[in-house]
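The following exercises are to be worked through with the sequence and the structure at hand. Each task is followed by a stepwise solution.

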Amino acid sequence: MRKAAVFRPARILFYTLSLLVFYLAIRYIGTLKDIRLLLAQMSPAWLILAVTAQVTTYLLNVMIFRTLLNGQTGTAGFLTLFKLSIVILFVNQALPSGGISGNGYLFRQLVKRKVPVTKAYQTLVLESITYYLAFIFLLTALYAWVRHQPGHQPVMSYTVLIGCVFFCCLGALMLGISNQRTISYLLPKLNRIRWLKRYIANSGLLTLSKSGNADWKDLFEDKKALICAVFYHMSILVCDAVTVFAIIHGFHVTLHPALIMYGLLLSLVIGSLPISPGALIAYESAMTYFYTVLGLPVHAALIVTLLFRFFSFWLPIPIGLALYRNLRHH
């Protein structure tokens, strides 16, 4: 029994993330020292704004969960959902997959906290779909404006295309696995896999094959909740842009807010692709390149990249790991 407990999927995931964090800490300890020096040079007011914007993203994530769950939160109160939002962001960035890795963890945690299986599954699907809609809307709207600006590079157009195709494909995938026929077909087959069988049984996934949600169209009945979720996702992306805005102005450099948002979205496209753990190197290279092309001096683009990654990735790593353990024991 002890051996079986050690090799449960949740623990394997925790051990994997722990090893990843250890590797990152060893590999990038020099970069973290540079970040400490940069933070000391940043204007305090802009530093506070950057931190506040990042905290707000987690609060908005809680609002998304509460909106999509529509009151069926089980024993998951506001604080629990706030913790979940931090861990999910950490998992999504450590294991880039367009948000799927973090939402798998979200589903398991909601079911453990007595949220009905069907509702938890719907929340998982809708959380992903509304994010893709918000992202694609903002990306295409900004592209329509920025592409006419001088200096716009073809690689940016390709990145926009890749982002739209990638998130549309993920959206289609999420719609596909929300269909009753797909669930009834896949679950029995997945249940034959030994290491998945325990997870499926504990999470109550088998009950989905007997639920009455026969079609993916049923997901879109509550249009008000969907619109609110899309709005919250867009607000999260705006808060990330505010973080970049604060970093730029904290070092007395300026860039048009629309270009800040556009550069961030292009970087997030690269960061969402399953290139490497944490999208390391690829994300940093892309963000530095995009902001340099959009008008920032190279040194300023490097500073923005380092500090934004610190606020959105490095800082949540130890917090996310601690909360991951906390949520498993409570």
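**Exercise 1.** In which helix is Ser312 found? Determine also whether Ser312 is buried or exposed.

Solution. The model is a predicted one. Ser312 lies in helix H14, which comprises residues 298-314. Its relative accessibility is 5%. The cut-off for a buried residue is under 20%, and Ser312 therefore counts as buried. Finally, the side chain of Ser312 reaches the backbone oxygen of Phe308 at 2.8 Å.

**Exercise 2.** Compare the expected span of helix H13 with the distance between its end C-alpha atoms, and state what covers its buried residues.

Solution. Helix H13 runs over residues 282-293 and has 12 residues. The expected span is 1.5 Å times one less than the number of residues, so H13 should span 16 Å. Its end C-alpha atoms are 16 Å apart, which agrees. The buried residues of H13 include Tyr283, Met287, Phe290 and Tyr291. Among the elements that cover the buried residues of H13 are helices H8, H11, H12 and H14. After H13 comes Gly295, with a positive phi near 130°.

**Exercise 3.** Which side chain of opposite charge is nearest to Asp240? Which residues beyond its sequence neighbours does Asp240 contact?

Solution. Asp240 is located in helix H11. Asp240 is buried and has no salt bridge. The nearest side chain of opposite charge belongs to Arg309, 10 Å away, whereas a salt bridge requires a distance within 4 Å. With neighbours within four places in sequence set aside, Asp240 is in contact with Gln54, Thr57, Leu264 and Phe308.

Key
Residues are numbered from 1 along each chain as its sequence is written. This is a predicted model: local features need pLDDT of at least 70, side-chain atom pairs count only at pLDDT 80 or more; totals for chains, interfaces and linings use all residues. Side-chain values use heavy atoms; hydrogens and water are left out. Helices (H or I, at least four residues) and strands (E, at least two) are DSSP runs, numbered from the N terminus. Buried means under 20% relative accessible area, exposed over 50%, partly exposed in between (1.4 Å probe, protein chains only). A polar contact is a pair of N or O atoms within 3.5 Å; within protein, one must be able to donate a hydrogen and the other to accept it, and residues adjacent in sequence count only if both atoms are side-chain atoms. Contact means heavy atoms within 4.5 Å. Lys and Arg count as positive and Asp and Glu as negative; His and the chain ends are not counted.
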